[in-house]
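User: Could you show me how to read the pockets and the ligand site in a model like this one?

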Amino acid sequence: MSFQSVSQGDAVPLFVIAGPSGVGKGTIVSRLLDASSRIWISISATTRPSRPGETEGVHYYFVTDEEFDRLIDEGEMLEWAYVHGKHRYGTPRQPVLEAQAQGLIPLLEIDLDGARQIRKSMPEAVQIFIEPPSMEELERRLRGRGTEDEEEIARRMETARGEMAARDEFDVRIVNRDVSGATRQILHLMGLDK
Ligand code: 5GP
């Protein structure tokens with residue numbers, strides 16, 4: 001599949017970034033946000049407990065299972081999924097539409113399941129898959145960040161294998177060898193590298 005990078009006058013497309021846990025999506029997203037004020041990152045709702053250093057409304061909206069059910073029932077979720085078979089994560093719909101209306105470029109950092117839902121509901125979205133140089137390197141990075149226990153690392157590596165098998169579904173695949181290079185490639189796709 002081919003597509004053109006955004007140029008002025010085009011409708012603002014939405015960008016999806018997916019890829020295995022630990023591949024460096026979070027760092028790439030921070031670099032993108034630093035690089036351009038036109039990029040708007042969607043803040044997901046999740047039922048997982050917050051980690052040390054995470055802030056409500058900045059990293060996630062941390063909600064109860066009941067609240068998550070309500071958001072789904074009321075059609076407030078653009079997509080949602082169980083991630084790593086445990087907790088639910090979803091993209092609140094309204095803020096994305098508002099960002100688009102303001103001419104901002106919405107960026108969704110979501111899992112494979114969510115990306116598939118967006119592919120159906122918003123086929124114009126540009127879907128980017130970030131992949132690690134190797135699975136060994138992925139495990140090393142996952143372990144290195146020290147936020148997951150062994151059981152969680154094993155679960156995330158298992159999910160990662162499934163995600164890697166689906167990488168051909170994406171419009172663009174970027175190997176995250178170095179964060180600057182990966183960030184530059186995405187800015188180029190967004191038409192923001194001029
Ligand atoms: P973590 O628990 O490490 O913050 O996130 C785990 C994974 O959940 C991330 O790799 C990310 O792709 C996925 N995720 C985060 N927010 C959403 C969301 O709103 N929807 C979906 N489908 N996945 C999400």
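Analyst: Gladly. On a 1 Å grid over the protein atoms alone, a pocket is an open set of points where a 1.4 Å probe fits, with protein on both sides within 12 Å along at least five of seven lines; lining residues have an atom within 4 Å of a point. A molecule sits in a pocket if more than half of its atoms lie within 2 Å of its grid points. Here, the ligand takes up the space of the largest pocket. This is a predicted model, where local features need pLDDT of at least 70, side-chain atom pairs count only at pLDDT 80 or more, and totals for chains, interfaces and linings use all residues. Residues are numbered from 1 along each chain as its sequence is written, and side-chain values use heavy atoms, with hydrogens and water left out.

User: Which residues lie nearest the centre of the largest pocket?

Analyst: Lys-25, Gly-26, Arg-51, Tyr-60 and Glu-109, out of 35 lining residues.

User: How do I read polar contacts with the ligand?

Analyst: Look for a pair of N or O atoms within 3.5 Å. In this model, a polar side-chain atom of Tyr-60 is 2.5 Å from a ligand oxygen. Backbone polar atoms also take part: that of Gly-90 lies 3.1 Å from a ligand oxygen, and that of Thr-91 lies 3.4 Å from one.

User: And how much of the ligand is buried?

Analyst: Accessible areas come from the Shrake-Rupley method with a 1.4 Å probe. The ligand alone exposes 510 Å², and the protein buries 94% of that.

Methods
Polar contact = N/O pair within 3.5 Å; in protein donor to acceptor, adjacent residues only side chain to side chain.
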